[in-house]
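Dear colleague,

I am passing the structure below on to you, and my notes on its cysteines and its nonpolar cores follow. Please read them alongside the coordinates.

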Amino acid sequence: MTTLIYTHEDCLEHRPGPHHPESPERLRALLAALEAPQFSKAQWRDAPLGTREQVRMVHTADYVASVEAMAPMEGYQLLDAGDTIMSPGTLQAVMRCVGAACAAVDAVVAEEARNAFCATRPCGHHAEADRAMGFCVYNQAAIAAMHARQAHGLRRIAVVDFDVHHGNGTQHAFWSDPELFYGSSHQSPFYPGTGARQESGVAHNIVNVPLSMACDSPTFRTRITQELLPPLRRFEPELLIISAGIDAHFKDPLGGLSLTDDDFHWITTELMKVADATAKGRIVSILEGGYSLQALASASAAHVRALMHA
């Protein structure tokens, strides 16, 4: 079975402004990298539109209604106090993100593929149940986990997040459920200010690995091997979802870590070993951050190469 890649041209129509780092060029650069001959065996699928019901598995009805009401016909609409901005194409784009994540879950559970990568934008892991935050409108990783439960009856679901920023929204969505696991490596101190080691959830189902600025490859790999992988293995997930942020790369202009393409390949391979042991290999990976076009392209390619070697 090959790797599925979900994407849609609607994800290019989220346009938060000419100087915003979360630009359509991010996705264009990534897709261009995945058109290389080495990815010819991957199977591409159009991301369907998600549904309001899927979104409301994580987000409140009032928040969903407010996002829909605020979607502009022209110009821009600020969703938070900072940098989460809607354009006329944003609502359609975020619903493609949700649809891709849920369709990817459906496909791997149905054994149409062992794993899938959602090449979609905008990112989602900062989005809280009732508010947008940090470029994120809806939290597609958390929605995918809840969809796996509602649609397929899976119970033990893990999200592992290696974005340079802590995924506060996913952590909060998983905090009170011992059958949901959230593991994150991230720069600390850094935005959004969450993700301390002592934030461990209702049943130690939250594992945070805060990394100091300029953390290099050997330190990253040691910390992941010693602190994140053992509790993930003990959790024994039935499905593993990856929040694949590339902004921990040393070339990223918004981050301060020093990871390389090989590190993204390495952690993907290590996570695949866990999925092979407990989840029938089932992985759904979802693009999060990454703001150097060159690094986003090369490190995402390394990530997908690892997935394809299942």
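Cys136 is buried, with a relative accessible area of 0%, where buried means under 20% relative accessible area, exposed over 50% and partly exposed in between, for a 1.4 Å probe and protein chains only. Cys123 is buried too, at 3%. The structure holds 0 disulfides, a disulfide being a pair of cysteine sulfur atoms within 2.5 Å; the sulfur of Cys136 has its closest cysteine sulfur in Cys123, 3.8 Å away, and they form no bond because that is too far.

This is a predicted model, in which local features need pLDDT of at least 70 and side-chain atom pairs count only at pLDDT 80 or more, whereas totals for chains, interfaces and linings use all residues. Residues are numbered from 1 along each chain as its sequence is written, and side-chain values use heavy atoms, with hydrogens and water left out.

The largest nonpolar core has 50 residues, such a core being a set of buried Ala, Val, Leu, Ile, Met, Phe, Trp, Tyr and Cys residues joined through side-chain atoms within 4.5 Å. Leu30, Phe117, Phe220, Leu232, Leu240 and Leu271 touch the most other members. The largest share, 7 residues, comes from α8, with helices (H or I, at least four residues) and strands (E, at least two) taken as DSSP runs numbered from the N terminus. Neighbours within four places in sequence aside, Leu240 is in contact (heavy atoms within 4.5 Å) with residues including Ala158, Val160, Leu232, Leu271 and Val284. Apart from this core lies another, of 46 residues, among them Val58, Tyr63, Ala101 and Ala142.

Best regards
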